[in-house]
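User: I'm new to reading protein models. Could you walk me through one, a feature at a time?

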Amino acid sequence: MAEIRIENLRHSYSANPQGEEDYALKRLSITWQDGGAYALLGPSGCGKTTLLNLISGLLTPTEGRILFDGRDVSHSSPEERNIAQVFQFPVIYDTMTVFDNLAFPLRNRGVPESEIKTRVAEIADMLELTKTLHKRASGLTADGKQKISLGRGLVRPDVNVIMFDEPLTVIDPHLKWQLRSKLKELHLRTKRTMIYVTHDQTEALTFADQVVVMNLGEVVQAGTPVELFERPQHTFVGHFIGSPGMNVLPCEVRGGKALFAGIPVEAANIQAASGRGRAEIGVRPEFVSIAKSGIAAEVVRVADAGRYRIVEARSHGHTIKLLLKEGDEVPQSSTFLAFDPAHTQVYEDGWIAGAHR
Amino acid sequence: MNKTFNNKAWWLVLPVFLMVAFNALVPLMTVVNYSIQETFGNNEFFWSGTTWFEQILHDEAFHDSLRRQLIFTGLILLIEIPLGLAIALCMPRNGPWVSVCLVLIALPLLVPWNVVGSMWNIMALPDIGLLGKGINALGIPFNYTRQPISAWFTVILMDVWHWTSLVVLLCYAGLVAIPDAYYQAAKVDGARPWAVFRYIQLPKLKHVLTIAVLLRFMDSFMIYTEVIVLTGGGPGSTTKFLSIDLVQKALGGFDLGPAAAFSIVYFLIILFLSWLFYTLMMREEAK
């Protein structure tokens with residue numbers, strides 16, 4: 001177990017990177033506490049797997065340092081770093097039994113056989129693999145195999161960090177949920193540092209205490225799920241997290257006020273706005289409501305999502321989405337919209353006004 | 001699930017059946033025809049039952065060539081399969097050297113068989129050949145036209161040179177197909193190179209190795225051209241393998257009956273041993 005500190009980390013897959021665009025991972029510094037559950041969230045190709053492989057030692061960084069408990073491990077092998085990693089596709093050793101698969105990382109490190117037995121039994125119990133322990137691993141279903149991969153990650157009691165690289169990709173939806181709660185439970189029980197890479201916001205938000213959102217090789221925001229939801233630091237986070245994503249509308253900042261199509265809109269961070277750059281206001285559909293007066297809009301489409309309805313409205317040439325609770329009256333065509341001032345933010349050049357960059 | 005049965009579907013199989021009949025069953029039946037009858041030409045045939053089969057199965061010469069064939073094929077498999085696998089493991093996985101290696105490795109496979117025989121024939125000549133003269137220069141007496149050991153050595157070396165490439169290419173294709181995640185997981189799990197080979201590469205190569213063993217078994221068991229050009233089955237009959245024996249019987253002696261029986265026994269041995277190899281190598285799969 002260890003605190004992981006990443007300092008000015010950069011990585012490029014080309015041997016001599018020329019410009020910024022050659023870097024798969026742009027400059028990044030972050031600290032992860034010992035025993036925390038973290039998620040790396042971002043679209044495909046945003047650099048999250050690169051970051052993960054840098055931490056695990058499968059890749060060596062072009063620049064910067066990685067420290068485990070203050071010890072520089074940037075150039076150590078995965079074995080020296082003493083980490084565990086679970087991959088996107090289940091990796092099992094076909095010719096071995098489930099028991100031998102789980103025992104493999106311990107045997108490679110010369111752990112005495114008696115200790116291996118108790119350790120494997122314990123892990124198999126946690127993952128509900130006890131019944132299949134002496135069967136050949138190749139005969140298991142995809143989720144059974146992925147459980148073995150998880151088990152191999154958990155079996156060593158002293159690993160610094162366990163990393164998951166989209167581990168539920170090949171799992172059936174109904175089992176995904178089970179395995180996810182199993183992981184959460186395992187984290188609570190073992191208190192290991194865990195880093196979970198995913199492009200699925202539900203997985204990230206349910207698993208992690210802190211979610212790191214990445215885009216185009218950069219960390220856009222690191223925060224708790226609530227922070228990401230309520231105060232997205234960048235319009236990208238607003239779009240990427242939440243379903244449907246945040247409404248982002250062009251606006252003007254003039255005289256300490258945000259104006260959307262000439263209509264003044266109250267925003268929580270208006271004081272911080274510099275008035276420079278491309279200004280936008282961001283408000284989540286959850287915080288838009290139907291009002292008697294305010295922003296005039298036309299209802300274009302209504303979609304039923306079960307407990308609430310998603311209303312799509314057009315106002316001054318822009319689409320605004322809002323959520324209505326089940327049973328609330330859906331207005332006919334022309335109506336007015338109001339934004340909750342506490343949850344409306346001004347963004348300048350994509351970043352929230354007043355952000356420390 | 002409901003399956004509909006429609007016997008008209010047999011008509012769809014008919015063209016394939018006819019083709020197989022023409023290129024396999026009909027010629028084979030001709031051989032069967034000869035093997036159970038006696039002929040003195042003029043298309044006159046007399047029933048002879050199992051006489052030819054009994055004669056072949058009790059034939060000392062047949063026993064000798066079968067024994068030689070089994071030893072030869074056994075040695076070929078023992079050398080070529082591990083050697084091919086080892087070469088494939090040493091080959092680069094990416095970079096400009098991949099194509100260079102692949103072309104070099106594939107070259108022997110492109111040489112016509114009788115040319116291979118001639119090449120080695122000349123190369124192993126004790127007076128002018130590079131190999132023959134070289135070995136003699138080391139003080140080891142070498143003459144493949146006189147000494148059986150020299151002849152065997154040359155025949156095996158020639159086959160290894162000619163056919164190990166096939167094993168290499170098959171193994172290399174199998175190795176390249178193993179996903180990176182396996183190697184990464186092995187690194188994370190702290191596996192030594194031997195464990196990576198034993199628990200990842202070897203199991204993943206099982207299918208290609210089975211194919212390699214079967215192909216090398218069948219081809220080496222039927223070897224004819226290279227040996228006939230190199231040694232002609234000699235010295236004496238020390239390198240007379242089954243196919244050479246068969247050709248001498250059929251074309252040299254015009255013993256069509258015994259030769260046909262020989263062919264069928266030969267074919268059945270190959271069929272049985274192929275089945276045996278396949279079953280042994282795939283038995284884990286069935287579990």
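User: Let's start with two helices that touch. Which residues in H3(A) meet which ones in H5(A)?

Analyst: This is a predicted model, so keep that in mind as we go. For a helix pair, list the partners on each side. Here Val98(A), Asn101(A), Leu102(A), Phe104(A) and Pro105(A) come from H3(A), and they meet Ile148(A), Gly151(A) and Arg152(A) of H5(A). Sorted by class, that contact has five nonpolar, two polar and one charged residues.

User: And how do the two helices lie against each other? At what angle do they pack?

Analyst: Look at the angle, the axis distance and the handedness. H3(A), residues 98-108, and H5(A), residues 142-154, pack at about 30°, and their axes are 7 Å apart. The crossing of H3(A) past H5(A) is right-handed.

User: Now burial. Why is H1(A) described as largely enclosed?

Analyst: Count neighbours: a residue is buried if 20 or more other C-beta atoms lie within 10 Å of its own. In helix H1 of chain A, residues 48-56, nine of the nine residues are buried, so the helix is largely enclosed by the rest of the structure. Among them are Lys48(A), Leu51(A), Asn53(A) and Ile55(A). For chain A as a whole, 42% of the 357 residues count as buried.

User: What follows H1(A)?

Analyst: Gly57(A) does, and its phi is positive, near 95°.

User: Okay, zooming out. How is chain A divided?

Analyst: Start with the domains, then the elements. Chain A has domain 1 (4-230) and domain 2 (245-352), and their C-alpha centres are 39 Å apart. The chain holds nine helices and 22 strands. Its C-alpha trace spans about 75 × 50 × 30 Å along the principal axes.

User: How many of the contacts in chain A join residues at least 24 apart?

Analyst: Taking contacts between residues at least 6 apart in sequence, 66% join residues at least 24 apart.

User: There's a chain B too. How many residues does each chain put into the contact?

Analyst: Chain B gives 16 residues and chain A gives 20. On the chain B side, helix H8 (180-188) and helix H9 (193-204) each supply at least two residues. H8(B) has the largest share there, six residues. By class, this side of chain B has 10 nonpolar, two polar and four charged residues.

User: Last one: what are the confidence scores?

Analyst: Check the chain first, then the whole model. Chain B has a mean pLDDT of 88, with 98% of its residues at 70 or more. The model scores ipTM 0.76 and pTM 0.77.

Technical notes
Residues numbered from 1 in each chain as written. Chains lettered and ligands numbered in written order. Predicted model: local features only at pLDDT ≥ 70, side-chain atom pairs only at ≥ 80, totals over all residues. Contact = placed C-beta atoms within 7 Å. Helix = DSSP H or I, 4+ residues; strand = E, 2+ residues; numbered from the N terminus. Nonpolar A, V, L, I, M, F, W, Y, C, P; charged D, E, K, R; others polar. pLDDT = per-residue confidence, 0-100. Buried ≥ 20, exposed ≤ 12 C-beta atoms within 10 Å, placed from the backbone. Domains from an automatic or database assignment. Axes fitted to C-alpha atoms, helices over the stretch in contact; angles between N-to-C directions. Left-handed = near helix turned anticlockwise from the far one by under 90°.
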